[in-house]
Amino acid sequence: MADSGENSALFPIFILSIIALPLVPYTILKLLRAASKKEKSIHCECSVCSRSGKYSKSIFRRISKFSTCSNFTVLLLWVIVVFLVYCIKQSSREIEAFDPFSILGLEPGVSESVIKKAYRRLSIQYHPDKNPDPAAHKYFVEYISKAYQALTDPVSRENFEKYGHPDGRQGFQMGIALPQFLLDFNGSSGGILLIWILGGFILLPMAFGVVYLSRASKYGGNIRRETLVTYFDLVKPSLAPSKVMDVFIKAAEFMDIPVRRADDEPLQELFKLVKSELNLDGKNARQEQAKFWKQHPAIVKAELLIQAHLLRKADALSSNLRQDYKQVLQLAPRLLEGLIKMATVPRTAKGHGWLRPAIGVVELSQCIIQAVPLSAGKAGSGSSEGVASLLQLPHFSDAVITKIAKKVRTLQNLQDMTLQERAELLSDVAGLSAAEVQDIEKVLESMPRATIEVTCETEGEEGIQEGDIVTVQAWVTLRRANGLIAALPHAPYYPFPKGENFWFLLADANSNDVWFSESINFMDEAAAITTASTITEAKMEASGANMEEIAAAVKDAVAKVKRGCRLVLGKIQAPQAGNYSLNSHLMCDAWIGCDTKTNLKLKILKRSRAGSRGGHVAEGVQEGNDVDDEDEDDIEEDEEGDQSEYSEDEDEDEDEDEDDEVDKQNNTNRKGFASGSARRKGRK
């Protein structure tokens with residue numbers, strides 16, 4: 001067993017090895033990533049966004065960007081490594097191997113007379129009679145004397161020259177690289193090692209596990225389970241887009257917002273500013289106001305702060321309300337994501353979600369990111385889609401929109417103009433300066449335009465029959481005038497950087513059913529390449545393609561992803577036989593007026609492939625299917641008859657809504673396309 005002094009000296013080396021093994025490669029990887037990372041701006045760089053300060057590259061923001069938890073941990077570990085190296089260097093003499101020739105300053109193989117001369121020379125320097133220094137005395141006794149004895153004794157010298165040690169062949173020694181005080185169980189520190197083992201390897205992991213499990217029990221992802229349950233209960237198939245706000249503010253996260261007595265008067269003043277946007281019944285104004293203030297104080301505050309943001313009145317908030325305002329807006333994106341998942345989660349007997357509330361949630365997200373009131377999206381003033389899409393542009397206001405209303409009623413009208421026509425309209429008619437016109441052009445160039453290619457097929461079969469598992473594949477292509485694929489939206493009033501998220505919905509507008517939904521993110525190209533490669537390779541292998549064909553298909557898929565395409569894949573169950581007119585929606589949660597909708601015709605056949613499924617279809621089975629069809633029709637009638645407390649009375653405006661829907665379809669059909677009705681794969 002190695003002695004305790006050697007064990008203590010080896011302890012820093014042991015700790016250094018444990019830290020350096022993961023730290024060195026991780027640091028090299030971070031440095032390589034930082035060196036290869038391109039510093040490219042992905043926001044519009046207009047003057048309005050620059051004044052917002054979100055994307056400024058000041059020294060404080062650079063320091064805050066560097067001083068992340070990960071970087072701080074790496075720096076701290078390197079400081080520890082430097083300290084351990086220093087400790088090892090200082091204690092290296094203690095664990096240095098005993099070499100009598102080196103101690104006496106001689107070369108191996110010298111004669112005994114030379115050894116005696118060296119000993120006499122060192123004795124004059126270190127002998128206690130010549131040098132009273134205690135350190136010199138210690139060095140003389142422990143090193144010089146032992147070295148002289150080892151080299152003047154024939155046996156010891158022979159052992160050293162033959163085995164490297166004066167005592168001869170040495171046995172195998174074992175030790176534990178821990179300080180002596182941790183191993184000294186007889187002293188006062190006898191229980192430290194036991195405490196260290198119990199705390200470091202048992203109690204600490206248990207504490208982390210308890211904290212993690214307690215949080216996991218409260219959260220489903222980044223959202224509280226209580227919030228998800230509330231959203232699930234409140235979302236109804238007839239939930240009107242204008243009523244989505246009433247559901248959104250019921251999140252449990254908003255209950256944590258502090259309620260102060262000092263905020264009563266500022267909230268009353270804020271209520272007067274946003275009263276027109278609160279959906280209060282004008283006929284029963286007093287009752288509606290009383291009902292509004294009877295809600296939970298935190299919910300009241302959250303809704304007033306959100307409405308103040310939509311009306312761009314945040315500058316009028318007090319310092320306390322401004323802190324709450326930022327907290328509410330920081331929570332909004334992930335809460336809205338959870339809300340749309342609750343809208344599209346399978347609810348009906350056919351396993352479909354609901355289209356109307358899903359669209360309302362995305363529209364609310366667009367308005368919050370762009371700070372545009374919900375009322376601006378209502379049809380009026382000759383525009384079928386309102387003025388919300390125009391208000392998101394820099395330097396646009398109601399006055400500017402009124403001036404250009406004769407030539408521009410929608411965002412699409414403005415985008416269809418040439419650069420010269422827009423410049424003349426905005427400068428001559430609207431009265432904007434050249435710098436303001438340039439800002440508008442930068443934002444228009446950063447707006448996304450998407451196209452969708454959708455195919456539906458039953459793998460290995462010639463057609464889609466009722467009950468089949470249908471594979472839905474969609475290639476979504478994103479284009480911008482500035483050439484970027486991934487970008488940050490122009491959102492100067494939203495106080496935090498926010499990326500674009502797109503939602504793909506395959507839905508039947510007539511029945512209000514969402515057949516399939518998927519979230520798409522264009523920021524992570526590496527993940528998109530992996531997904532497209534895996535899906536393409538699996539599909540080609542299933543079709544019996546050879547290795548060259550598979551490699552070519554994967555290469556083509558990767559090239560499409562790098563050009564701005566994303567592959568969406570999902571599976572649905574074919575409904576009963578019939579012809580279905582579906583819509584594929586691609587909606588962005590950050591831009592208004594950049595959504596795409598395409599039509600898809602899908603034909604479902606009666607089941608007739610009984611032979612390939614193990615036998616002929618019995619007559620009773622067909623009759624049973626007819627009975628199921630009747631039951632499904634009854635279910636659909638019940639769902640259509642179900643009315644939500646958040647639904648709107650739109651009977652009086654039914655004809656106008658139909659005309660508006662036609663206009664929307666005409667506008668959106670120009671933005672995207674779908675491939676045929678459905679594509680099938682033949683059986684080999």
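**Exercise 1.** Decide whether S389 is buried or exposed in this predicted model.

*Solution.* Start with the position: S389 belongs to helix 18, which covers residues 388-391. Next take the relative accessible area of S389, which is 2%. Buried means under 20%. S389 is therefore buried. Finally, look at its surroundings: leaving out residues up to four places away in sequence, S389 touches L411, I592 and G593.

**Exercise 2.** Classify T534 by its relative accessibility.

*Solution.* T534 sits in helix 23, residues 525-542. Its relative accessibility is 49%. The class between buried and exposed runs from 20% to 50%, so T534 counts as partly exposed. As a further step, compare sequence and space for the pair T534 and A557: the two are 23 residues apart in sequence, and their C-alpha atoms are 9.9 Å apart.

**Exercise 3.** Find how helix 16 and helix 17 are oriented relative to each other.

*Solution.* Two packed helices are described by the angle between their axes and by the distance between those axes. For helix 16 and helix 17 (residues 355-370), the angle is about 165 degrees and the axes are 9 Å apart. Angles over 145 degrees count as roughly antiparallel, so helix 16 and helix 17 are roughly antiparallel to each other. The crossing of the two is left-handed.

**Exercise 4.** Which residues of helix 16 and helix 17 meet, and into what kinds do they divide?

*Solution.* From helix 16 come L329, A332, L336, L339, I340, A343 and T344. On the side of helix 17 they meet P357, A358, V361, V362, L364, S365 and I368. Sorted by kind, the residues of this contact are 12 nonpolar and two polar, with no charged ones.

**Exercise 5.** Describe the largest nonpolar core, and state which helix gives the most to it.

*Solution.* The core has 118 residues. Those touching the most other members are F248, F254, L304, I368, L393, F396 and F504. Helix 16, residues 319-344, gives the most to this core, with 12 residues. Another core lies apart from it and has 15 residues, including L104, I115, L122 and L151.

Now take F504 alone. Residues up to four places away in sequence aside, F504 touches I452, V454, A474, F516, S517, E518, I520, V568, S584, H585 and L586.

**Exercise 6.** Summarise the protein chain as a whole, starting with how many helices and strands it has.

*Solution.* The chain has 26 helices and 10 strands. Of its 684 residues, 40% count as buried. Among contacts between residues at least 6 apart in sequence, 71% join residues at least 24 apart.

Technical notes: Residues numbered from 1 in each chain as written. Predicted model: local features only at pLDDT ≥ 70, side-chain atom pairs only at ≥ 80, totals over all residues. Heavy atoms only, no water. Core = buried A, V, L, I, M, F, W, Y, C linked by side-chain atoms within 4.5 Å. Buried < 20%, exposed > 50% of the residue type's maximum accessible area, 1.4 Å probe, protein only. Helix = DSSP H or I, 4+ residues; strand = E, 2+ residues; numbered from the N terminus. Contact = heavy atoms within 4.5 Å. Axes fitted to C-alpha atoms, helices over the stretch in contact; angles between N-to-C directions. Parallel < 35°, antiparallel > 145°, perpendicular 65-115°, else oblique. Left-handed = near helix turned anticlockwise from the far one by under 90°. Nonpolar A, V, L, I, M, F, W, Y, C, P; charged D, E, K, R; others polar.
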